[in-house]
Amino acid sequence: MTNYTMTTIAQLSAYVGRPVALRGWLYGKRSGGKVVFLLVRDGTGGCQCVVSADAGAAFTAAQALTQESSLHIHGMVRADERAPGGYELEVAGVTPVGDAVDYPITRKPHGVDFLMNHRHLWLRTPRQAAILRVRHVLIQAMRRFFDERGFTLVDTPILTPGAAEGAGTLFSVDYFEDEVYLAQTGQLYLESAAMALGRVYCFGPTFRAEKSKTRRHLAEFWMVEPEIAYAELPDLVQWAEAFIVYLVEAALTHCRPELALLERDCTRLEAVKAPFPRVTYSEAVDLLHSDVIHEELQQAWAADRRQFEAWRARLETLEAERATARKSWQQEKLDRAIHALREDIRTLEESLRARPHYIEAARNFTWGTDLGGDEETILSRHFERPLVITEYPRAVKAFYMKPHPDDPRLVLNCDVLAPEGYGEIIGGSQREEDLDALVSRMQQEGMDLAPYEWYLDLRRYGTVPHGGFGLGVERTVAWICGLRHIRETIPFPRMMGRMTP
Ligand code: 4AD
Ligand code: MG
């Protein structure tokens, strides 16, 4: 009796020419007369398993297996350059574990809504699993970055009595008959921890009732926030820059196969090196008004139009081929290609429609308003590396930010925009550490001071300059994976209009 060693697909290279057993799921199957190819995945990777008619019962079992049924399978490992992953299993036995009848996600094309409604199953497709793996690697790197630099992790509460980032985006919760809110940030609590421990960070779910359906907004997202005693604006910019470089390096070191599967252009990530370009808000406004940006937008528009024509022509060709295709596998393949191309064309059409609007947005942007999604897209496409924008108008930023000593209309803040049009991934600032200045700002904003007395205590007892920032996990994952929409970066997205599964 041969002894089959239980292993995983990721480990197969260590077992070439030896008998192994795997446990997984069937994600695809091809039959070619005297042989069945089972495409098996086990969470660590995918492997082609070859069952020949000589295998007897295994062959019969393999023929009966359906998509996404689970199985045990054993056989000999063979190195084969042509096989996806480089190894194949020459199957001696198959044991079905759980069957799967009419798995809803087939090889036929599906719309995003359908896939989102089946998110619990959609996660099994290699693309979605790859995104989750990149997310995991990035979260590990986020923690490691701070852990290795003397930061203490401090968990801040999720149920909070007041707003920190504007009352407009609060989710309220009934707390023993009192109205409280889901945390928009851990920052205020983190500031007190920084006065105890010096360097701290929190990492948790964050909630914003954003009433907009954009590709950048979630109602529930994860944010990592460092807070540093005695740090001033230039220190914060340096920390943010080093942090982003570290995250990109981690992805390039540990996620090459996933990024390849996602067809991410890694040269764009390899270009992310310190120092990052840095402009003030006022310089960013000048840039938006400049001829350089205008010219860039016109060129991008023309490029979009050319791409559109090329894709339309390709679609016509594919549709003509589909009309005459005889074999069902040809038809399926063409259907998938046509569906994918139509999706690309639809996205491009959206972008084309937005072009004149972008040009307007840049030209008409007025000093004093907040940079919105459009302006961020324009600015972050202009630079190869992430862009740091500092010193925004005080009026558009949160109450806790410290005003600029030379120009009280501005605050000492920094936002970082990811390149390639991804927009803001980091928001941070130096905090107002002076009691009287903070109280008068809060009064100007019409805030009730009572729920913030504890926060004001930090300014009463040994106040020091300090600051920090928050990085949005999902926006960072979207950028690094090169995804157009944020909804695929989190296992179960919560957005306006989506709460299930
Ligand atoms: O700029 P924000 O609002 O900053 C803060 O919350 C500060 N209290 C952070 C701090 O200084 N400790 O948010 C920080 C980041 C944004 O840059 C963005 O990446 C992400 O959080 N973010 C969102 N991500 C997804 N969906 C949303 N609705 C988001 N709102 C903010
Ligand atoms: Mg922000």
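Me: Let's count a salt bridge as a side-chain nitrogen of Lys or Arg within 4 Å of a carboxyl oxygen of Asp or Glu. How many of these turn up in the whole structure?

Reply: A search of this model, which is predicted, finds 29 salt bridges.

Me: Take glutamate 68 and arginine 41. What makes their contact a salt bridge?

Reply: Their side chains come to 2.6 Å, N to O. The cut-off is 4 Å, so the pair passes. This salt bridge also links distant parts of the chain, 27 residues apart. Glutamate 68 sits in the loop between helix H1 (57–64) and strand S5 (70–79), while arginine 41 belongs to strand S3 (residues 35–41).

Me: Are glutamate 68 and arginine 41 buried or exposed?

Reply: Both are buried. There's a wider link here too: Arg41, Glu68 and Arg124 are joined in a network of salt bridges.

Me: What about glutamate 88 and arginine 78: how do you know that they form a salt bridge?

Reply: The closest N and O atoms of glutamate 88 and arginine 78 are 2.7 Å apart. Since the limit is 4 Å, the pair counts.

Me: And where in the chain do the two partners lie?

Reply: Glutamate 88 is in strand S6 (residues 87–98) and arginine 78 is in strand S5, ten residues apart, and the pair is described as linking distant parts of the chain.

Me: Why does glutamate 88 get called buried?

Reply: Its relative accessible area is 6%. Buried means under 20%, so glutamate 88 earns the label.

Me: Why is arginine 78 put in another class, partly exposed?

Reply: Arginine 78 has 33% relative accessibility. Partly exposed covers what falls between the 20% limit for buried and the 50% limit for exposed, so that value fits.

Me: Next up, glutamate 488 and arginine 127. What makes that one a salt bridge?

Reply: The two side chains meet at 3.7 Å, N to O, and because the cut-off is 4 Å, the contact counts. Glutamate 488 lies in the segment after helix H15 (473–481) and arginine 127 in helix H4 (residues 126–147), so this salt bridge ties together parts that are 361 residues apart in sequence.

Me: How do you know which class each of glutamate 488 and arginine 127 belongs to?

Reply: Glutamate 488 has a relative accessible area of 14%, which is under 20%, so glutamate 488 is buried. Arginine 127 comes out at 34%, between 20% and 50%, so arginine 127 is partly exposed.

Me: You mentioned H15. Why is H15 called largely enclosed?

Reply: Eight of its nine residues are buried, so the rest of the structure largely encloses H15. Among the buried ones are Val473, Trp479 and Cys481. Just after H15, glycine 482 takes a positive phi of about 75°.

Me: Over to ligand 1. Which residues come nearest?

Reply: Of the 24 residues around ligand 1, the nearest are Glu165, Gln187, Arg208, Glu225 and Glu424.

Me: Why does the link between glutamine 187 and ligand 1 count as a polar contact?

Reply: A polar side-chain atom of glutamine 187 lies 2.7 Å from a nitrogen atom of ligand 1. The limit for a pair of N or O atoms is 3.5 Å, so the contact qualifies. Arginine 208 has a side-chain N or O atom 2.9 Å from an oxygen atom of ligand 1, and a polar side-chain atom of glutamate 210 is 3.3 Å from a nitrogen atom of ligand 1. As for cover, the protein hides 94% of the 630 Å² of accessible area that ligand 1 has on its own.

Me: Which strands supply at least two residues each to the shell around ligand 1?

Reply: They are S12 (220–229), S16 (423–430) and S17 (466–472). S16 gives the most, with five residues. By class, the shell has eight nonpolar, eight polar and eight charged residues.

Me: Glutamate 225 was on your list of nearest residues. Why is glutamate 225 called buried?

Reply: Glutamate 225, which sits in strand S12, has a relative accessible area of 6%. That is under 20%, so buried is the right word for glutamate 225.

Me: Last one: what makes asparagine 117 partly exposed?

Reply: Asparagine 117, in helix H2 (residues 112–117), has a relative accessible area of 41%. That value lies between 20% and 50%, so asparagine 117 is partly exposed. Asparagine 117 and threonine 500 are 383 residues apart in sequence and 6.8 Å apart in space, C-alpha to C-alpha.

Methods. Residues are numbered from 1 along each chain as its sequence is written. Chains are lettered from A and ligands numbered from 1 in the order in which they are written. This is a predicted model: local features need pLDDT of at least 70, side-chain atom pairs count only at pLDDT 80 or more; totals for chains, interfaces and linings use all residues. Side-chain values use heavy atoms; hydrogens and water are left out. A residue is near a molecule or strand if one of its heavy atoms lies within 4 Å of it. A polar contact is a pair of N or O atoms within 3.5 Å; within protein, one must be able to donate a hydrogen and the other to accept it, and residues adjacent in sequence count only if both atoms are side-chain atoms. Accessible areas come from the Shrake-Rupley method with a 1.4 Å probe; for residues, only the protein chains shown count as cover. Helices (H or I, at least four residues) and strands (E, at least two) are DSSP runs, numbered from the N terminus. Ala, Val, Leu, Ile, Met, Phe, Trp, Tyr, Cys and Pro count as nonpolar, Asp, Glu, Lys and Arg as charged, and the others, Gly among them, as polar. Buried means under 20% relative accessible area, exposed over 50%, partly exposed in between (1.4 Å probe, protein chains only).
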